[in-house]
Amino acid sequence: MDKISIQQCFQEYFGRAPEILVRAPGRINLIGEHTDYNAGYVLPGAIDKAIWFAASKRTDQALHFYAADLEESFTSENGEVIFQREKTWANYLLGAISEANKDGIHPGGINVVFGSDIPLGAGLSSSAALESGVLFLLNELYQLGLSRMDIVKLAQRGENEFVGMKCGIMDMFASVMGKENHVVRLDCRNLQYDYFPFDAPEVSLVLCDSGVKHALVDSEYNTRRAECEEGVRILQTLDAGIQRLRDVSPEFLALHTSVLPPVVYQRCKYVVEEIHRVKQACEALVRHDMATLGKLMFETHSGLQRDYQVSCPEMDFLVEEARKNSSVLGARMMGGGFGGCTINLVKKEAVPDFIAHMQEAYQENYQRKLKTYPVQLTNGTEVLNG
Ligand code: ADP
Ligand code: MG
């Protein structure tokens, strides 16, 4: 899908040209994994894979959506938003609108066609792009006066409350707030953010999609959160100022290893180190020091694998293969864990060889085709008219 084809698709489906075209990108996270719910930092960016929307206002209250990739439509004739058991994709759009409605924001009806080139199931946040994209286009069409941060927050509420996924704010934030050739450091404690340049012409970001999704994801995610909270409760007895793992320095943790149950200590160690690594990664980016950035990414993977224990054999294999390759500066699993993509920092001229080698190795070991995606960092959600 692209700008031209989504426009044509709208024309064919609704019989006239759309008023507006919107691009809502997917996202990567360079470093800072499992730090969001510990009030730490994340360092995501929007990418050149996106959901493309074509849309127009209607004179009535109806909501007409056409999912071009699925060739499926959904209509709410009176604009009512009700959870859809059958058409799950519609819930991402309806949830975002439902949350706006709760805040007294009632845009009129819309016709929407959308399609995407964000790979499915790869953990690149197509759902966040859907939610924030529909709010963004409503905001433009109906001049709702929402800021980008308002859109981010409403989109997250939609996913949490309506879709029922307790995700953090990073995905929507990255999709909406991205900036070309930059990553953005989000402080998950207070939502303050800063852009950092990722403009090294000699390196590329390449995603390797393991193609696996282990069933553990949700239960283990909840367990990790509980373990972090347990760590905080215990460490609080030593320093009342500790509210979240964000408040614990690596030095403090090292001094108090023995008060924590071994597994809780391991989890806390990873999180505390990872929050520190995001800061170091930002300093490295300012210096255009990609070698240090890569080293930090490898360290993150080791932490996720050994201390946080959310990796899986397929992703460990992909990272180990990457580590053997002298053209790879850094690699790590990306996302919550137990499957999805690895993110690799690769010397640009070596990208074709890297991809060929990884595909061959993965095929040999897992008899499975490895999908790979070189990605560029782009602007966040934007209007494409003109
Ligand atoms: P992620 O956000 O990591 O891509 P999710 O499971 O959170 O994965 O969201 C994926 C869901 O979003 C899909 O199951 C589908 O319901 C919806 N979705 C994403 N892209 C599209 C698309 N192009 N057309 C229709 N629905 C989509
Ligand atoms: Mg999602």
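Q: How many salt bridges does the rule find in this predicted model?
A: The model is predicted: local features need pLDDT of at least 70, side-chain atom pairs count only at pLDDT 80 or more, and totals for chains, interfaces and linings use all residues, while side-chain values use heavy atoms and leave out hydrogens and water. Residues are numbered from 1 along each chain as its sequence is written, with chains lettered from A and ligands numbered from 1 in the order in which they are written. A salt bridge here is a side-chain nitrogen of Lys or Arg within 4 Å of a carboxyl oxygen of Asp or Glu. By this rule the count comes to 21.

Q: Which residue does the side chain of E99 meet in a salt bridge?
A: Side chains of opposite charge can pair when their charged atoms come close. For E99 the N to O distance is 2.8 Å. The two residues sit 3 apart in helix α2 (residues 88-102), so about one helical turn separates E99 from its partner. That partner is K102.

Q: Is K102 buried or exposed?
A: Buried means under 20% relative accessible area, exposed over 50%, and partly exposed in between (1.4 Å probe, protein chains only). E99 has a relative accessible area of 2%, so it is buried. K102 stands at 54%, so it counts as exposed.

Q: Which residue does R185 meet in a salt bridge?
A: The N to O distance is 3.3 Å. R185 is buried, at 17% relative accessible area. Its partner is partly exposed, at 37%. The partner is D194.

Q: How far does helix α6 reach from its first C-alpha to its last?
A: Helices (H or I, at least four residues) and strands (E, at least two) are DSSP runs, numbered from the N terminus. Helix α6 has 20 residues, 217-236. The expected span is 1.5 Å times one less than the number of residues, which gives 28 Å for α6. The model's α6 comes close to that, with a reach of 29 Å.

Q: Within what arc do the buried residues of α6 fall?
A: These buried residues are R224, E227, C228, G231, V232 and L235. Seen down the axis, they line one face of the helix, because their arc is limited. The arc is taken from the directions from the helix axis to the C-beta atoms. Its value is 140 degrees.

Q: Which exposed residues does α6 carry on the face turned away from its buried side?
A: The buried side has cover that includes α7 (250-255) and α8 (262-286). Contact means heavy atoms within 4.5 Å. The face turned away carries the exposed residues D218 and R233.

Q: Which residues are joined into one network by salt bridges that share partners?
A: Within α6, E227 and R224 form a salt bridge at 3.7 Å, N to O. E227 counts as buried at 13% relative accessibility, and so does R224 at 3%. The network, by contrast, joins E99, K102, D103 and R157.

Q: Which strands do the buried residues of α1 pack against?
A: Helix α1 (residues 3-14) has 12 residues and reaches 17 Å, close to the expected 16 Å. The buried residues of α1 are I6, C9, F10 and F14. They cover an arc of only 100 degrees around the axis, so they lie on the same side of α1. They pack against β1 (20-29), β3 (44-57), β4 (63-67) and β6 (110-116).

Q: Which exposed residues lie on the face of α1 turned away from its buried side?
A: The buried residues of α1 include F10 and F14. The face turned away from them carries I4 and E12.

Q: How many residues does domain 2 give to the contact?
A: Domain bounds come from an automatic or database domain assignment. The assignment gives domain 1 (3-198 + 379-384) and domain 2 (203-375). Their C-alpha centres lie 27 Å apart. Domain 1 gives the contact 30 residues, and domain 2 gives 45.

Q: What area is buried between domain 1 and domain 2?
A: Buried area is the accessible area (1.4 Å probe) that two parts lose on being put together, summed over both. Across this interface the rule finds 3 salt bridges. Carbon and sulfur atoms give 67% of the buried area. The total is about 3100 Å².

Q: How far apart are the C-alpha atoms of P201 and V42?
A: P201 lies in the loop between β8 (193-197) and β9 (203-213). At 62% relative accessibility, P201 counts as exposed. Along the chain, 159 residues separate P201 from V42. Their C-alpha atoms are separated by 23 Å.
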